[in-house]
Amino acid sequence: MSNTPARVYIARLVGLPMFDPPGDQVGKVRDLVVAVRSEAHQPRVLGMVAEVFGRRRIFVPMTRVTSIDSGQVHTTGLLNMRRFEQRPGETLVIGQMLDREVRISGTEITGTVYDVAMEQARNRDWVISRIAIQEPGRGLRRRGQTHVVEWRDVEGLSRRDEAQGATHLIAALNEMRPADAANMLHGLPPERRSAVVAALHDERLADVLEELPDEDQVEILELLDTKRAADVLEEMSPDDAADLIADLSPETAATLLSLMKPEEADDVRRLMSYVENTAGAMMTPEPVILGPDATIADALAHIRNPELTPSLAALVYVTRQPLETPTGRFLGVAHIQRLLREPPSTLVAGALDDTMETLRPDATIDEVAAHLATYNLVAAPVVDENGHLVGAVTVDDLLDHMLPEGWRDRARSGTDQPQEARR
């Protein structure tokens with residue numbers, strides 16, 4: 001490992017790409033596994049948890065890591081693709097060691113772990129060498145003083161902390177895409193998952209929930225009090241919220257809907273009223289909708305919203321008033337490519353495509369798939385029998401419903417074969 005720095009801080013490794021000898025990316029670093037025997041012995045770093053194709057988490061022994069440099073991790077390329085399973089006596093640095101409350105020996109200084117450094121020992125094993133600690137903020141200080149100390153000078157890392165916080169783990173999760181954060185949350189031990197869920201902001205938790213398997217969604221929602229559960233559901237896209245509420249008991253579903261804002265609850269109830277796996281059940285009721293008197297500049301401003309998925313930003317739906325679904329009469333769509341070619345001051349009505357075929361709410365999943373494929377679309381309007389726009393179906397909505405049940409779990413697991421013995 002001649003290219004590897006003498007000391008590597010582990011929190012900075014999360015998300016780094018992992019390459020094989022020919023230079024092909026084989027995965028991303030998600031965590032490190034260490035064996036903590038006692039506070040008298042430096043923990044040995046056993047290996048890395050990597051996320052590979054299909055969002056499967058595998059174990060990569062440190063003996064297979066050849067270098068860590070320039071924001072990359074290089075391996076021998078000989079990887080066991082079996083699913084990672086944490087064993088007794090093993091600790092995940094990011095998942096379980098960050099935010100642990102510790103004390104610096106011989107002092108009254110206490111704080112939480114916000115990073116951990118590893119180094120190679122003389123026998124070439126990687127060991128934990130230093131701990132970065134942050135004291136609690138005091139007075140007007142928002143952040144407390146930080147310290148970087150030797151492992152042997154820290155007390156509390158070998159014991160289990162039932163009241164362990166989640167501040168620094170949350171910071172790591174917030175740097176990830178929602179799907180990656182969901183994958184990490186899925187792999188956390190139950191007590192850490194509960195702490196993270198409690199600390200995540202409602203909007204971020206909603207984003208992550210949308211990427212989790214159905215069983216995890218229900219389990220996490222049950223960790224929340226009913227008021228917060230309703231707030232999180234409001235932050236989710238209505239179609240995802242409707243799917244989640246449909247998995248709850250009728251009594252719980254009714255309670256949560258009653259606590260949601262009326263307009264949000266109405267959208268969810270309307271989606272739940274459609275037959276499962278139809279255009280109405282899978283559509284989003286909140287596409288970009290404008291009146292014909294809006295300008296091209298108005299349309300472009302709306303689709304610049306970073307919260308829109310690419311498929312939702314591909315089309316602007318033009319209707320008569322009212323502009324909330326179900327809208328006034330549907331007039332047509334404006335494609336983003338056409339909008340980019342028109343002068344910003346012209347009316348969106350001048351860029352209107354009124355020839356696009358629409359979907360009915362009762363269209364089956366096969367009919368939706370055939371429609372998008374036939375016309376090479378990533379989204380399509382859903383219009384009722386009276387000509388009112390009630391929503392839009394996107395290709396990602398379609399894939400969520402076409403993939404087999406439990407596909408997220410299978411993508412993470414990859415195989416149910418036992419993991420081979422580690423050295």
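Q: What share of the 423 residues of the protein counts as buried?
A: Keep in mind that this is a predicted model. A residue goes in the buried pile when its relative accessible area is under 20%. Run that over the 423 residues of the protein, and the share that counts as buried is 50%.

Q: How many helices and strands does the protein have?
A: The C-alpha trace spans about 75 × 50 × 45 Å along its principal axes. As for the secondary structure packed into that trace, the count comes to 16 helices and 18 strands.

Q: Is D214 buried, partly exposed or exposed?
A: D214 sits in helix α6, which covers residues 214–223. Buried would need under 20% and exposed over 50%, with partly exposed in between. D214 comes in at 40% relative accessibility, so the label is partly exposed.

Q: Which residues form a negative surface patch with D214?
A: Patch members need over 30% relative accessible area and no salt bridge. D214, at 40%, is over that area cut-off. Its partners in the negative patch are E215, D243, D247 and E276.

Q: Which strands stand at the edges of the open sheet β14-β15-β16?
A: The sheet has 3 strands in that order, with mixed pairing. Two of them have a single partner strand each, so one side of each is left without a neighbour in the sheet. Those edge strands are β14 (289–290) and β16 (330–335).

Q: Which residue in β15 stands opposite L290?
A: Strand β15 runs over residues 315–319. It pairs with β14 in the parallel sense, over 2 bridges. Across from L290, the β15 residue is V318.

Technical notes. Residues numbered from 1 in each chain as written. Predicted model: local features only at pLDDT ≥ 70, side-chain atom pairs only at ≥ 80, totals over all residues. Heavy atoms only, no water. Patch = residues over 30% accessible without salt bridge, like charges linked within 9 Å, V, L, I, M, F, W, Y side chains within 5 Å. Areas by Shrake-Rupley, 256 points an atom, 1.4 Å probe, with all protein chains shown as cover. Salt bridge = Lys/Arg side-chain N within 4 Å of Asp/Glu carboxyl O. Lys, Arg positive; Asp, Glu negative; His and termini not counted. Charge placed at Lys NZ, Arg CZ, Asp CG, Glu CD. Helix = DSSP H or I, 4+ residues; strand = E, 2+ residues; numbered from the N terminus. Buried < 20%, exposed > 50% of the residue type's maximum accessible area, 1.4 Å probe, protein only. Pairing = 2+ DSSP bridges.
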